[in-house]
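Biologist: I would like to go through this model one feature at a time. Please show it first, and then I will ask about the sheet and the aromatic residues.

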Amino acid sequence: MNPSAARVSRDSSSVCVCLFHSNSRPSSFLGINNNTISFNKTNTNTLLLNTATNPGTINRTRVYRKNSTGVEACLSPAKSLRQILELPGVHQGPACFDALSAKLVEKSGFSFCFTSGFSISAARLALPDTGFISYGEMVDQGQLITQAVSIPVIGDGDNGYGNAMNVKRTVKGYIKAGFAGIILEDQVSPKGCGHTRGRKVVSREEAVMRIKAAVDARKESGSDIVIVARTDSRQALSLEESLRRSRAFADAGADVLFIDALASKEEMKAFCEISPLVPKMANMLEGGGKTPILNPLELEELGFKLVAYPLSLIGVSVRAMQDALTAIKGGRIPSPGSMPSFQEIKETLGFNTYYEEEKRYATSMRRLSSENVTSNSYDTQPMAQDDTARRGQSSQDPIVEVITPEVYTNSGAGGSRDAFSGIWSRTLRVKITGRDGFEKLDVRIPAGFLDGITNVVPGIGE
């Protein structure tokens, strides 16, 4: 292969490579700067490319289809998900609830993820998953999620938000929002979490019509979105009925089958034995659901292809926030080991990438200003001696005058002083005067806030 025939495009944390070759086979790997792209030939027509910015860490999974002339551009999310379904083994997909949680799933190396209606209802509305959240809210949240990541996302479509015609609208809306797949269930309205009490389902005939409507909507949209047909009839009716519905869903054109709240390993095995050519999905509801929690190897042995973890991210988020609030209420801050550093948070959110890209569009004056801020923002040395010459300021920069710390002898009732009065009675007076002679700031800062003074001073001159 001629390396010059490779076209490279990159986003904030991945490298996307399209290779064009004639009859020669692609190289086993191709290094682009510090990124290594590995080629795994899964069949005669497909190449799966994993790009990693660090050894052993997969940040992106791209799927390409090879034709007689070479390799096409990156496949759509739906086609990428279909290629994952063709790969051997079971594939894990944590459930996200917003753009940040989806980004964390991707950065952790997962090849796809789900959205959870339970978690989105909790995070967006602080309400239970009992039918409160609407189609519009789910589509809006889903679009934010799919735009934040490049891995395929399977969206929770609940019961389609109505009859078969509503299902068609839902499927088309999820396609436009960028979802790779959609889960549709057979519950009545209002629907609810399948592991909670009081589940009710529509008739088998109506449930099948929902899937047929979803298939028609896919065709009408010219899309290849993966339709995951879910039934909640195991708890609402019986295992036998849930198996009958799953077979009917497969005949109607569903791509993946899913029975929620199966109650034993034996039931899970019986499910995987029906419609053997259609992939099966397992739901590992953490923290006390009806389905036994099995590891990926056990699930693969039973015959499952996809496995969802719906509550892990929202669950640990709730507990972490509760612990942090308890610490703050007690006059402390969360321990360093319980949260990432500020630098790590900025890296996750892409601050450093933003700063690097921003330089490409900076004007000459903006670059000069940035250099001054970078060199002076955290300068805590005394500023009284020839400030302008030492810091290279322009004639428009303000003068910062630090006055000798003052000590106030405020006392409590009866002249007594509490244990912290010595700390908070000591203040540092800071005056900032512009070159025009006008006073910009005259403030006394208590000793307890002196750690943040370098964050105050640079912002005054802007």
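Biologist: Which residue in β12 does G181 stand opposite?

Modeller: This is a predicted model. Strand β11 covers residues 181-184 and strand β12 covers residues 226-231; four bridges join them, and they run parallel. Across from G181, in β12, stands V226.

Biologist: Which strands are at the edges of the open sheet of eight strands?

Modeller: The order is β13-β12-β11-β10-β9-β8-β15-β14, with parallel pairing. From one strand to the next, the twist averages 25°. An edge strand pairs on one side only, and this applies to β13 (256-259) and β14 (281-283).

Biologist: Is the aromatic pair of Y174 and F179 stacked or edge-to-face?

Modeller: The structure holds six aromatic pairs, and this is one of them. Y174 and F179 are both buried. Their rings lie 4.8 Å apart, centre to centre, with 25° between the planes. Planes under 30 degrees apart count as stacked, so the pair is stacked.

Biologist: Which helices each supply at least two residues of the nonpolar patch?

Modeller: The patch is on the surface, with an area of about 870 Å², and its residues include L100, L104, F342, I345, F351 and Y354. Ring pairs link F351, Y354 and Y355 into a cluster, and Y354 is found in helix α13. The helices that each give at least two residues are α2 (99-107), α12 (342-349) and α13 (351-358).

Definitions and conventions
Residues numbered from 1 in each chain as written. Predicted model: local features only at pLDDT ≥ 70, side-chain atom pairs only at ≥ 80, totals over all residues. Heavy atoms only, no water. Patch = residues over 30% accessible without salt bridge, like charges linked within 9 Å, V, L, I, M, F, W, Y side chains within 5 Å. Areas by Shrake-Rupley, 256 points an atom, 1.4 Å probe, with all protein chains shown as cover. Salt bridge = Lys/Arg side-chain N within 4 Å of Asp/Glu carboxyl O. Phe/Tyr/Trp six-rings, centres within 6.5 Å; stacked < 30°, edge-to-face > 60°. Buried < 20%, exposed > 50% of the residue type's maximum accessible area, 1.4 Å probe, protein only. Pairing = 2+ DSSP bridges. Axes fitted to C-alpha atoms, helices over the stretch in contact; angles between N-to-C directions.
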